[in-house]
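Good morning, colleagues. I would like to take a few minutes of the meeting for one structure, which is now on the screen.

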Amino acid sequence: MAVPSIFFGISVLHILVLGAAAGGGFPQWNSNDAVARRARAGDAGTPLRTQSSIAVSADGERWVLFNASPDLRQQINQRRQLQPGADAPLRASPIAAVVLTNADVDHVAGLLNLRESQALAIYGHDRVLDVLARNSIFNVLNPDYVARRPMPVDTVLALKDGHDQSLGLRVRAFPVPGKVALWLEDKNAPDFGTAEGDTLGVEIFDEKGASFFYIPACARMTPELADRLRGAALVFFDGTLWHDDEMIQAGVGTKTGRRMGHMSCSGEDGSIAAFSKLGVRRKIFIHINNTNPLFVANSPERAEAEAAGWQVADDGMEISL
Ligand code: MLT
Ligand code: MN
């Protein structure tokens, strides 16, 4: 059993990467390119990755999910931290809350795995909570037990479980450039109907004030975002595509990263360049698309990212801050 670090007067942020891949996972179900074939064959240089999510805990016992991936059931079965302990009641879970950063299918569909009558709190911007409210299938999370709580931007919020008990974590959500979820796009509206709150980054704090950032989708580095991130201890950042047009070049899609609301890792206006002078101590790409060569351990692109001080998230990666 994990020893709650608060007993020693030192609070620690326990971070567990549940899934490193973008929507579709790696490989995506219908991918049949050489890298997908290597991954399915069990090649150690191309491990399988589930869809984008991290879990965070202040005490090593109660966990908050940041986004709920469609692979959540598999992620729970793979990570002992998310499984009920031997002494727990017959229906129990260490998952106490879920924070949603957008309404992408890879970030909300996993809520359906948390069905039934288990106390839980779901935090999201009103734009995202409205999406859940409009779709009654999310009532499989019994509304008598599952609280849905607004997460306004630029406000420090103390996270609490479904019984209103403190989880020892605070979040501050902030808008980043992005786009409304693909499945909610309005083709007749400017910018597909995107509004503030559709794409959030979050800063996650423990009670002593240590913090890190989780930004799985971001279309652009703005001066405000650069100021916010400068000198951060740790940033998980959108690693969807290496090149803006890599899906087109590979012949597997028609969209650029820009069209999808994601800035690329490489290039003059890419994230590696954008972070180069920010002094962030640890930088980790997450939400990585199945076409991104970062998923290939010995690729030149992985070497380039690592030389610039970046890591590529792996399912199961554990970090303590
Ligand atoms: C995205 O990150 O752009 C979306 O998750 C795309 C999708 O819906 O697959
Ligand atoms: Mn996504």
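I shall speak about two bound species, beginning with ligand 1 and ending with the metal.

Please note at the outset that this is a predicted model.

Where does ligand 1 sit? It occupies the second largest pocket. The residues surrounding ligand 1 are D104, V105, D106, L182, M260, H262 and H287. Sorted by class, that shell comprises three nonpolar, two polar and two charged residues.

Let me turn to the polar contacts. An oxygen atom of ligand 1 lies 2.7 Å from a polar side-chain atom of D106. For H262, the corresponding distance from a polar side-chain atom to an oxygen atom of the ligand is 2.8 Å, and for H287 it is 3.1 Å. As for burial, ligand 1 on its own has 270 Å² of accessible area, of which the protein covers 81%.

Now to the metal. Which residues coordinate the manganese ion, ligand 2? They are D104 and H287, through OD and NE2 respectively, and D106, which is listed with two OD entries. The distances run from 2.2 to 2.8 Å. Along the sequence, these donor residues follow the spacing D-x1-D-x180-H.

What is the geometry of the manganese site? The site is irregular, with angles of 51 to 156° among six donor atoms. For reference, six ideal octahedral donors would give 90 or 180 degrees.

Methods: Residues numbered from 1 in each chain as written. Chains lettered and ligands numbered in written order. Predicted model: local features only at pLDDT ≥ 70, side-chain atom pairs only at ≥ 80, totals over all residues. Heavy atoms only, no water. Near = heavy atom within 4 Å. Polar contact = N/O pair within 3.5 Å; in protein donor to acceptor, adjacent residues only side chain to side chain. Areas by Shrake-Rupley, 256 points an atom, 1.4 Å probe, with all protein chains shown as cover. 1 Å grid on protein atoms, 1.4 Å probe; cavity = no way out; pocket = protein on both sides within 12 Å on 5 of 7 lines; lining within 4 Å. Sits in = over half its atoms within 2 Å of the grid points. Nonpolar A, V, L, I, M, F, W, Y, C, P; charged D, E, K, R; others polar. Donors = N, O, S within 2.8 Å, 3.2 Å for Na, K, Ca; no water. Tetrahedral: all angles 85-135°; square planar, octahedral: opposite > 155°, others 65-115°.
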